[in-house]
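Trainee: Could you take a close look at one part of this model with me, and then walk me through whatever else is worth pausing on?

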Amino acid sequence: MPSTAPEHAPAAAPTVLTPEIEALGTDLRESRYVTEHLEEVLGAVASAALRREDPAPARRRLAASTDPAATLLSLFVLGETLPAARVAAALPTLGLDGAQRLGLLAPADRHAADGPDERTADGPAAGAPSVRALVDLAPYAAEDDAGPLHWWIASDLSELATGAPLSPEHVLGVGGASLTLARITPRAPVGRVLDLGCGGGIQAMHASRHAEHVVATDLSERALAFAAFNAALNGIELDLRRGSLLEPVAGEVFDLVVSNPPFVITPRAGDDEHDPWTYRDGGRAGDTLLAELLAQLPAHLAPGASAVMLGNWEITDEEDGFAHPRAWLEPALADGVDAWVLQRDREDPAEYAGTWARDGGITPRDHRWDALIDAWLEDFASRAVEGIGFGYLLLRRPDAGRRGLLRTELATGTGSGTLSEHLAASLAALDRLSALDDEALAATRPVRAEDVVERRHLTPGQWDPLLIELVQGAGLARTVPADQALAATVGALDGTLTLGQVIAAVCALTDADVEETRARILPAVRELALTGMVAL
């Protein structure tokens, strides 16, 4: 399908009809329409290509398969038009009529001009009746603290299936941002969770596994309809509410707030040519939506509660790439909430414009490309934007009443282990360390984390290292420069001696001044404790 295809108008959201949904679930289970089985059906090459959004190898592989799961994947994910009899065989309990009542399928229009209705996996369009999918329905597999899970997630048909740019009202499936947010969200048992800007409901569904009550909100009625369908299909109960940002939960507090808000910075051109994609853009100029959200969020955090968000922010000051989130979070800090901003990536304005134009299905071959990119660059230039940061914004309200603490960090690596546990532990360490002055810290008995190793760089043939680094294998895979005293101190932290005793012993061995060494080592160990490289 050429990239100049007209925008694909999505169908109505699927309908929640209990008997039909139960029948659909039966058919999906019986057909083994799950990630593990589909990878076997596709094979390694086609599976890898499909993850890169290249459907050609998958279409080739599935065309010769009679497996019911292959039929469902071709229909719902690849957007193939298939013979009605073949689809009916894959959905024997639900049937074609039931699938149409749910809003999943429609008879294929052989005379339609768009790509998906004309493309078939079984030869020419003429002949027996055919059907096409109205929505994407894909298996989803993951593992969290509650164990492995296998769900099915409905969303609007992707660009891969339609061959056309996405609609402003598009409801996304489970993409990279959704997976990232799920990986960094703490999974400790909690009472109440809020999924703000829930889309199709994947974060709320994850939260249902460790929360007593989950509220999921979105401004889009279509998104909430998809979330309701997904929850029903997977046997999950959610409290779904419509409204902007925190309006639907006015006066309520939560133990965990998770959000993948519509943070994409889109030019406000004021004409039809540059209408925003509302599924990813909050309708605000620049990055002000996050400022608005973070100003309101602290009032909804119960004592001990956390908030985990993804976000973009504009960088207008090369000396302080965190100036915008720093300003946004000032009210939260004044309200006693700790905050941690991690920049995971950065793009210049042209890179950013290209990234999100392509995300919406518009490429350089599209006649709209030049005007759209120019509008983006003009918008950034009007605010002197030099770059755009991508990352995580983490908040936690400690039990102790004090001014909140702010931590900002450039962290581009990812190590082994569970990132959600690492981030939660670091936020807890920020709180604990706030109560420890240097004397109290020196009295603790820290333990070096098992994943921390020392790396030395030497000129060949020399004994003295040019550079010593402490390297974290888990968490965010940080690398910390160290001198001989810090490396020796960290190496000796096994919990037997206090930190002060270890420093004194290192000084005795090296003939170093104890007070001067303490002044250097204590702040360094404090930082290592915050990053999880040392446990207090």
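Mentor: Let's start with proline 523, which is partly exposed at 43% relative accessibility. Keep in mind that this is a predicted model. Proline 523 sits in helix α21, which covers residues 514-530. Pick out proline 68 as well: C-alpha to C-alpha, proline 523 and proline 68 are 61 Å apart in space, with their positions 455 residues apart in sequence.

Now the backbone. Most residues other than glycine have a negative phi, so a positive value is worth a look when you come across one. Leucine 245 has one, about 45°, and it is not a glycine. You'll find leucine 245 in the loop that joins β8 (239-242) to β9 (254-259). Is leucine 245 buried or exposed? Its relative accessible area is 12%, so leucine 245 is buried, the cut-off being under 20%.

Alanine 384 is another non-glycine with a positive phi, here about 55°. Its place is also a loop, the one between α16 (369-382) and β12 (387-396). Alanine 384 has a relative accessibility of 48%, so it counts as partly exposed; exposed would need over 50%.

Next, the cysteines. How many disulfides does a search of the whole structure find? The count is 0. Two cysteines to click on are cysteine 198, buried with a relative accessible area of 7%, and cysteine 507, buried at 3% relative accessibility.

Last, go to the helix pair α2 and α3. Helix α2 spans residues 35-51 and helix α3 spans residues 56-63. Their axes come within 7 Å and cross at roughly 165°. Because angles over 145 degrees count as roughly antiparallel, that is how α2 runs relative to α3. As for handedness, the crossing of α2 and α3 is right-handed. Which residues make the contact? On the α2 side they are Glu40, Val41, Leu42, Gly43, Ala46, Ala49 and Leu50. On the α3 side they are Pro57, Ala58, Arg61 and Leu62. Sort the residues of that contact by type and you get 8 nonpolar, 1 polar and 2 charged. Glycine goes in with the polar ones in this scheme, so Gly43 is the polar residue of the contact, while Glu40 and Arg61 are the charged ones.

Key: Residues are numbered from 1 along each chain as its sequence is written. This is a predicted model: local features need pLDDT of at least 70, side-chain atom pairs count only at pLDDT 80 or more; totals for chains, interfaces and linings use all residues. Side-chain values use heavy atoms; hydrogens and water are left out. Axes are lines fitted to C-alpha atoms, for helices over the stretch in contact, and angles run from 0 to 180 degrees between N-to-C directions. Helices (H or I, at least four residues) and strands (E, at least two) are DSSP runs, numbered from the N terminus. Angles under 35 degrees count as roughly parallel, over 145 as roughly antiparallel, 65 to 115 as roughly perpendicular and the rest as oblique. A crossing is left-handed if the near helix is turned anticlockwise from the far one by less than a right angle, and right-handed if clockwise. Contact means heavy atoms within 4.5 Å. A disulfide is a pair of cysteine sulfur atoms within 2.5 Å. Buried means under 20% relative accessible area, exposed over 50%, partly exposed in between (1.4 Å probe, protein chains only).
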